[in-house]
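Colleague: Please show me the model, and then let us discuss some strands and charged pairs in it.

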Number of protein chains: 2
Amino acid sequence: MWTFDAPPFDYWRRTYGWAPDQKWLDHVRLASVRLPNCSASFVSARGLVMTNHHCGRSCTASASPPDSNYVATGFSAGTLADEKKCAGLYVDQLQSIENVTARVRGAVTGTTPAQQDAQRSAVISQIQTECQQQTQMTCQVVTLYQGGIYSLYRYRRFNDLRLVMAPEESIAFFGGDPDNFTYPRYDLDLTLLRVYENNQPYQPTDYLKWSPAGAMENDLVFVVGNPGSTGRLNTVAQMEYLRDIGYPATLATYKRLLAIYPTLEKTDTSAARRYQNDIFGIANSQKAVTGYRAGLLDTLSMAKKRAFEQELRARIAANPQLQAQYGGAWDAIARAQSELATFSPQLRYYGFGGNSQLLQLAAGLVRVATEAGKPDAERLTQYRGPGLENIKRAIVAPNPIDTAYERLAIAAQLRAAQGELPANDPFLRIALNGRTPEQAAADLVRNTRITDPAVRQQLVTGGLPAITASTDPLIVFARAVDPLARTQLSRATALNAIIASNSEKIGQAMFATYGTNLPPDATFTLRISDGLVKSYPSNGTIAPYKTTFYGLYERSAAFDNKDPFKLPQRWVDRKANLDMSTPYDFVSTNDIIGGNSGSPVINRNAEVVGLVFDSNIEGVSNRFIFTTEVGRTVSVSSRAITEALRKMYDGSRIADELQGR
Amino acid sequence: MWTFDAPPFDYWRRTYGWAPDQKWLDHVRLASVRLPNCSASFVSARGLVMTNHHCGRSCTASASPPDSNYVATGFSAGTLADEKKCAGLYVDQLQSIENVTARVRGAVTGTTPAQQDAQRSAVISQIQTECQQQTQMTCQVVTLYQGGIYSLYRYRRFNDLRLVMAPEESIAFFGGDPDNFTYPRYDLDLTLLRVYENNQPYQPTDYLKWSPAGAMENDLVFVVGNPGSTGRLNTVAQMEYLRDIGYPATLATYKRLLAIYPTLEKTDTSAARRYQNDIFGIANSQKAVTGYRAGLLDTLSMAKKRAFEQELRARIAANPQLQAQYGGAWDAIARAQSELATFSPQLRYYGFGGNSQLLQLAAGLVRVATEAGKPDAERLTQYRGPGLENIKRAIVAPNPIDTAYERLAIAAQLRAAQGELPANDPFLRIALNGRTPEQAAADLVRNTRITDPAVRQQLVTGGLPAITASTDPLIVFARAVDPLARTQLSRATALNAIIASNSEKIGQAMFATYGTNLPPDATFTLRISDGLVKSYPSNGTIAPYKTTFYGLYERSAAFDNKDPFKLPQRWVDRKANLDMSTPYDFVSTNDIIGGNSGSPVINRNAEVVGLVFDSNIEGVSNRFIFTTEVGRTVSVSSRAITEALRKMYDGSRIADELQGR
């Protein structure tokens, strides 16, 4: 995951006997764009933008006419005039990167972490504002190496995007939750958008050409996109905390939440369908976090990580000046993590969690009333600046409250609290007061009136006096719990600040020791990752480097065409048109993570050979320690995209444009 | 793996709400036949017999005309007259089972294990001979529950078998070694033979009809066949020995042997192809033994096994009479296993192993000379009765000796011995005598003359004087090592006799406690196993209950049609004929093991829905502890067989016969 201002030319040449030059890099940088939550790229002379189906989903949904749902039915614009405006969507194109480390560091003169934090935020804000005013661009200061480098990224923003083509979700996400994060895979996870300027297709200076051959086994390929977040530079102590405290708690929460739906189904047979998206979302997070944790449970990987940390510490220790500056950082983090572990259950259960909307609303009401009376800088972080008004608006928004779900969610949360907190815990006394968790939850949900948006509006308008006078059981509950929660929160905030400032030291120490030979952790900014198209050992045999359309029909037939392996009708009706042996999805050893969705996969000629959409399950554990034995990036083949456009979606116009015909 | 004389009617009814009756069982028993190394069944009114491609391989090879190889090209007889005689092949049909436990046990009156062994062998021989004389049938006394029951099995033997149809090996064993023991799978592992009597197709009283529908998900299905060998009744101590001593040594040997071939290739580029079968065989054994060991390494399964053993021992201990008879057996076995562990390297390395033909020939020559002079009962076991003459014949047979391979195999064996035996070990002194293993192996192979069959014949004819006088370096080596080997062998034999007699006690104790509720370990005799057609969690997603022909073309295309995923030309040329969605292979939870190859899978109507040919990798570990979470039997679907016969092999005549048209 190399940054574009520190490309590892030597490493590439050493590894592959070839490296791109600066012109190549500038070209692919400008051909790449970033969506608010995904990656994408210009893939035609007339501004076609390629990304994943799941990245374009909101546009596809909002572009649908009232009587139709393009997410389910798919959409393909027959002409330019048929292309549908995506409300509110934009893409950013990275123009330049400037190192502003000296300026940021120069402004941080305080002695406490809190002072330093504030100074750092202030100077970063200032740099961004100045840049925007001077260049009219979107500017962002990116913290790399946990503060080892600060870089100013300037973007050109394009605001007029239109939907050109999206297949049915059932083919884009074929295999659904079971196949998610796995391989072999058979997904056409594609959306094609087009950038317009002045109501005309935008003609980008740089776009990626389409490879005629696609990806072959052992090909060198690059992924260019915006990986969201990795934890590769975390210390061993941080990883152990996640492995032993953080992730187990998260996984326990997912398990509790997933157990709610079968209970709901018992009284409401439509529940399963209604909650399908929620269940899917949680199950997916569960798979991901299980994967992250698997990486940390792998003793071999952790031993490597430990050895790396020991080597770095030894190098630092060998230089008295570096040792004085950075030497204490690892132990400081370890101590803070240990202390965080001591009150992890309190922090979690006092915090109005458990996926209950009502608990969140009650806490919000109480806190809005309290925080509004304070100077901005003394408020809880989220209530500062425009935060307060945003939270108020969210509280009074007339969203429906699912009380059947709420009762079970609160009960599950309280029962879990009862299992983890000591019997005499003040939160349990407030929450239960002699009742079972189920009774307490039923009482709260039955008797509260904050389910009514008008009541919430009254409480917001009434301010602190209204909150103090309220006898609503949820407000009473939140009022009593809030002080407990704040105590834990401020302890955690202080400890996390220690971790952050020491992480920054470690980032600086790493950068001082290894420079850009070690890429920084992912920051949802543009990176380039090299790799090979490559099969791997799986399930006692070999997972092939690619799949074909035969495999799509196989997997559907093997499951008797049942959900989530049911083919869209179009793919049944037009089957005979298709060249079945067309490469469909393929795998490569490139290093990616969430945020890379929609990234182009390109060959040495900077031609598109694929479209990244997932990792295999073995690759999920790469969050902390990257290995290429079995972890793989999963992409849609460029050849599948044009074949599907031509044979399934009456999209020869679009395929011709991609292929430059 | 239930025996046909103790069918678990109650268990079946309880589990499936249905059970076959005695008539059904008699019918499927008589419709089943046993090949010398596999299972098979009558599947038409005119004596068609269905088994696996790998079970009929020797027949398919020997039936090929000189200029052709049906194993590679496939074969399909257009008419009855085209069906090709299988030289030497026979099938056995089980006629009856008689419990002869009382007679066997009555004859065993000795007090030492050796006496008891001899008496048991004698009475079993006598029962078999009497039976054969009285009934003209093939008779076998089968030891069940390690001596808990002795059963006399009577078989009718059919000697005239002819080859009707066998597909190309590349489709029968599609995916080759990588896909072996795995699933999803795409193999047509089929041979069709026909039993003739008096030169006419035999018309069996009982044969299995063909299911029109095939197997559907969650169907109850039965496998009827001859599982070879399981270790389910082994004690924990026996399993731990295999896990920690036996299997690791075996796996180390496989690894050493596999390392030989790449070395050979360096000087002989044709080596890889020449040794392909050997490499394949070893790699397959490696996969299987790794799987067996995986079952023993699974802590949960072992904990269950331990709990089962504790319960059995507690039940025995609660009954003073049983405790006196059987109570000491577990500890006696554990002690013997511990002692075996102390000289495991000596036993292995003194034993002329390492896959060297020359070491085996040298040892055979020395031992034939020595054993010939002793009374039969005092000889080494394999040299008793007709054994001596068989071994002589094998020694003088003019098989070519691959000296390049031999040098490397002996060197590898000696180097491994050097790594495991103490430096002052007498074997090492004899074998190396100051040389490196490579030098010693080169000397032995270069200077021996026993590579010449005539020299071996002279040594056999010359008897002990010729052996004693020989200066051939391999004979000198074998003469010196043999006394060392015999010492270890007799220690091991004595300990194994203790294990066997105590295993018999445990078998009896189990049978006394649980009766036939617990099926006996596999003995390559007819068993019936129940199960469900069922998908299972695999690789982060779901492995479907079946595959289809789409999947065959997918897997071939995904590997660019490269070996071992290359399709026979017929399957390329005639692809358009095929109904691609025809079920191809499928999985079920039936309990099988080696020997079950070729077993029919039948439904409640005793109709053929499939043909067993493998386990998935997860099922391989069922050798010791059977579970159905993820272990599966893999079968060819009956529908794939008729579809392939009609569309690929011009075999409508045969398909019609199977389908009773």
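The questions and answers below concern strand pairing and salt bridges.

Modeller: This is a predicted model, in which local features need pLDDT of at least 70, side-chain atom pairs count only at pLDDT 80 or more, and totals for chains, interfaces and linings use all residues. Residues are numbered from 1 along each chain as its sequence is written, chains are lettered from A and ligands numbered from 1 in the order in which they are written, and side-chain values use heavy atoms, leaving out hydrogens and water.

Colleague: Is strand S21 (residues 607-615) of chain A largely enclosed or not, and why?

Modeller: Strands (E, at least two residues) are DSSP runs, as are helices (H or I, at least four), numbered from the N terminus. Buried means under 20% relative accessible area, exposed over 50%, and partly exposed in between, with a 1.4 Å probe and protein chains only. Nine of the nine residues of S21(A) are buried, so the strand is largely enclosed by the rest of the structure.

Colleague: Which residue of S22(A) stands opposite Gly610(A)?

Modeller: Two strands pair if DSSP finds at least two bridges between them. S21(A) and strand S22 (residues 633-637) of chain A pair in the antiparallel sense over five bridges. Opposite Gly610(A) stands Ser637(A).

Colleague: How far apart are the closest N and O atoms of Arg555(B) and Asp179(B)?

Modeller: A salt bridge is a side-chain nitrogen of Lys or Arg within 4 Å of a carboxyl oxygen of Asp or Glu. Arg555(B) is buried, with a relative accessible area of 11%, and Asp179(B) is buried at 0%. In their salt bridge, the closest N and O atoms are apart by 2.8 Å.
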